[in-house]
Amino acid sequence: MPRSILDKIQSKFTIFFTVIALIASLSLSGFIKAQAIATNAVVPKISFTFDDGYSSVLSQAAPTLASYGYTGTSFVITGCVGMTTAPNTCAADTDKTYMTWDQILSVKNSYGWEIGSHTIDHSELVSPDENTGIVLTDAERINELVQSKADLAAHGIDATSFADPYGDWNMQSLAEIAKYYAVHRPFADTVDYANNNHNNAYPYSDLLPYVVQVTGGVSVDQIKLQIDRAKANNYLLVLVFHDILNGNASSNPDYYEYNTSDLAQIAAYAQQQGLVNTNMTEAFINGTNLVNNGSFENGQTGWTTDAPSNVVLDTGNNGSYPSPTNSIMLTSNPNQDSHLFFDLIPISSVNSYVVKSYLNVLSVDGTSQVGFYIDEYDINGNYLSTQAKPSEGSVWVEMLNFNYVPSSSNVAQVRIQVVVTAGTGLSAFLDNVQLIQVAGSGVVVVVLGDIDGSGKVDALDLSIVLSNWGKTGMTLADGDLDASGTVDALDLSLVLTNWSN
Ligand SMILES: [Zn+2]
């Protein structure tokens with residue numbers, strides 16, 4: 001290999017070891033901040049969540065996770081806060097004790113946890129109450145969402161995630177939750193049991209992520225398997241715990257108990273496998289939205305339509321958090337497709353992006369669909385190509401998220417297009433359309449030279465190139481960045497010129 005490149009490697013390694021020394025000198029809080037920055041990268045992530053706000057969040061869960069550099073999300077029942085003796089009247093479990101507000105604030109401020117809402121009284125949001133048979137009215141259900149958020153806000157907690165008691169949700173409640181919270185964490189019913197897949201593939205679903213119940217009967221080894229999957233595929237793993245006991249946790253799943261020592265084993269293994277810590281709100285791709293007026297709060301700016309009767313600004317609070325007031329009402333036209341065109345957005349062809357949109361499909365006709373397209377333009381505004389993206393033709397409430405990688409280096413601007421195909425019966429609300437730049441990916445090498453998808457070009461990427469040096473029949477994952485078939489000086493130079501980007 002040429003001398004100049006060897007010199008470059010040497011100087012890059014000097015930088016590398018300086019960085020290592022710098023990281024070593026950082027305090028623990030500095031380390032947690034560094035992790036938070038990395039969470040938008042597409043890397044294996046783990047989220048520890050704990051329902052009901054039991055006293056054991058502070059006494060067991062928080063200190064246990066902290067010793068492995070992890071935090072969690074505590075979903076609090078605001079009306080049960082301060083029930084420090086048992087038996088009590090909390091509907092979640094009258095035999096357990098619940099944190100005080102001061103203790104909740106300790107979990108948040110001393111341990112860096114997220115505090116989310118788990119209603120005001122642990123009511124089933126949509127099903128008949130198992131004791132009384134009473135079903136909440138619409139107003140009562142919305143009050144569970146709004147008042148619990150207000151209770152938390154009154155104690156300085158901005159709750160942006162919500163978990164429903166018993167995982168009891170339907171499309172109507174999901175649309176209501178989406179008005180007040182960025183993230184909905186379900187209970188167990190979205191798990192893909194058929195494939196034993198309890199992980200979330202990028203780009204994950206903010207309103208309906210897969211989760212794993214970790215309770216009596218679930219072994220540490222079962223969770224280790226899910227951690228292995230997360231690591232192998234850059235998945236997000238969301239674990240759901242309830243009470244954590246320092247020994248003698250019941251093996252009966254209905255008691256929702258787990259031993260501290262088993263939680264510690266799970267955290268230790270996740271740390272060993274390099275899973276990045278994320279709370280529930282941070283878990284999803286967040287960042288600067290490049291779409292002008294994607295929340296429609298500024299009315300008729302930033303977008304146009306060729307079907308003003310079928311693509312209509314709605315001001316009736318039918319959108320999603322954080323600005324649900326305005327949205328777009330989409331209806332199908334029997335005779336033609338209807339389009340919403342956003343303004344051109346300047347992008348960089350070397351980056352990767354995620355497009356996120358709130359979509360609430362209220363009715364369908366079996367034919368009509370809401371589809372997303374990305375039109376690509378060059379720097380002079382000449383049309384180049386179109387990428388067809390996901391579409392929805394079912395009644396469903398979701399953040400419809402997808403990945404966008406520019407088709408060529410000529411792409412300098414994009415237009416997001418939302419199409420309602422011709423039909424007689426589709427209606428939907430669209431809101432909070434976002435285009436966000438991301439780093440790293442499990443799908444493509446986003447940052448050129450980031451072979452292992454860590455979000456950075458670093459010594460690991462360099463070692464992949466060097467260990468396959470000169471070999472033929474190589475892939476991107478082997479370090480053949482320019483797809484020449486051989487790992488060679490060009491690949492090495494791509495790693496070096498993008499170092500730590
Ligand atoms: Zn609960």
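In the predicted model, strand β15 (residues 338-342) pairs with strand β21 in the antiparallel sense, and four bridges link the two. Within this pairing, Ser-338 has Val-420 of β21 as its bridge partner. Strand β21 itself spans residues 413-420, and it is mostly covered, since seven of its eight residues are buried. Two further strands also pair with β21. Strand β18 (residues 370-377) runs antiparallel to β21 and is joined to it by eight bridges, among them the one in which Ile-374 is partnered by Ile-416. Strand β16 (residues 345-346) likewise pairs with β21 in the antiparallel sense, here over two bridges, and Pro-346 stands opposite Gln-413 of β21.

These strands belong to a protein that has ten helices and 22 strands. The protein consists of 501 residues, of which 53% count as buried. Among the contacts with a separation of 6 or more, 71% are made by residues that lie 24 or more positions apart along the chain. The accessible surface comes to about 20,500 Å², and carbon and sulfur atoms account for 53% of this area.

The model also contains a zinc ion, which is coordinated at 2.1 Å by Asp-52 through OD, by His-118 through NE2 and by His-122 through NE2. Along the chain, the donors of the zinc ion follow the spacing D-x65-H-x3-H. Both histidines can be placed with the cut-off for burial, which is a relative accessible area under 20%. His-118 has a relative accessibility of 1% and therefore counts as buried, and His-122 counts as buried because its relative accessibility is 7%.

A search of the whole structure finds one disulfide, which joins Cys-80 to Cys-90 with a distance of 2.1 Å from S to S. A disulfide is a covalent bond between the sulfur atoms of two cysteines. The link of Cys-80 and Cys-90 is right-handed, with 85 degrees about the S-S bond. Cys-80 and Cys-90 both lie in the loop between β2 (72-76) and α4 (101-109), so the pair ties together parts that are ten residues apart in sequence. Cys-80 counts as buried because its relative accessibility is 4%, and Cys-90 is buried as well, with a relative accessible area of 0%.

Notes: Residues are numbered from 1 along each chain as its sequence is written. This is a predicted model: local features need pLDDT of at least 70, side-chain atom pairs count only at pLDDT 80 or more; totals for chains, interfaces and linings use all residues. Side-chain values use heavy atoms; hydrogens and water are left out. Buried means under 20% relative accessible area, exposed over 50%, partly exposed in between (1.4 Å probe, protein chains only). Two strands pair if DSSP finds at least two bridges between them. Donors are N, O and S atoms within 2.8 Å of the metal (3.2 Å for Na, K and Ca); water is not among the atoms, so sites may look incomplete. Contact means heavy atoms within 4.5 Å. Accessible areas come from the Shrake-Rupley method with a 1.4 Å probe; for residues, only the protein chains shown count as cover. A disulfide is a pair of cysteine sulfur atoms within 2.5 Å.
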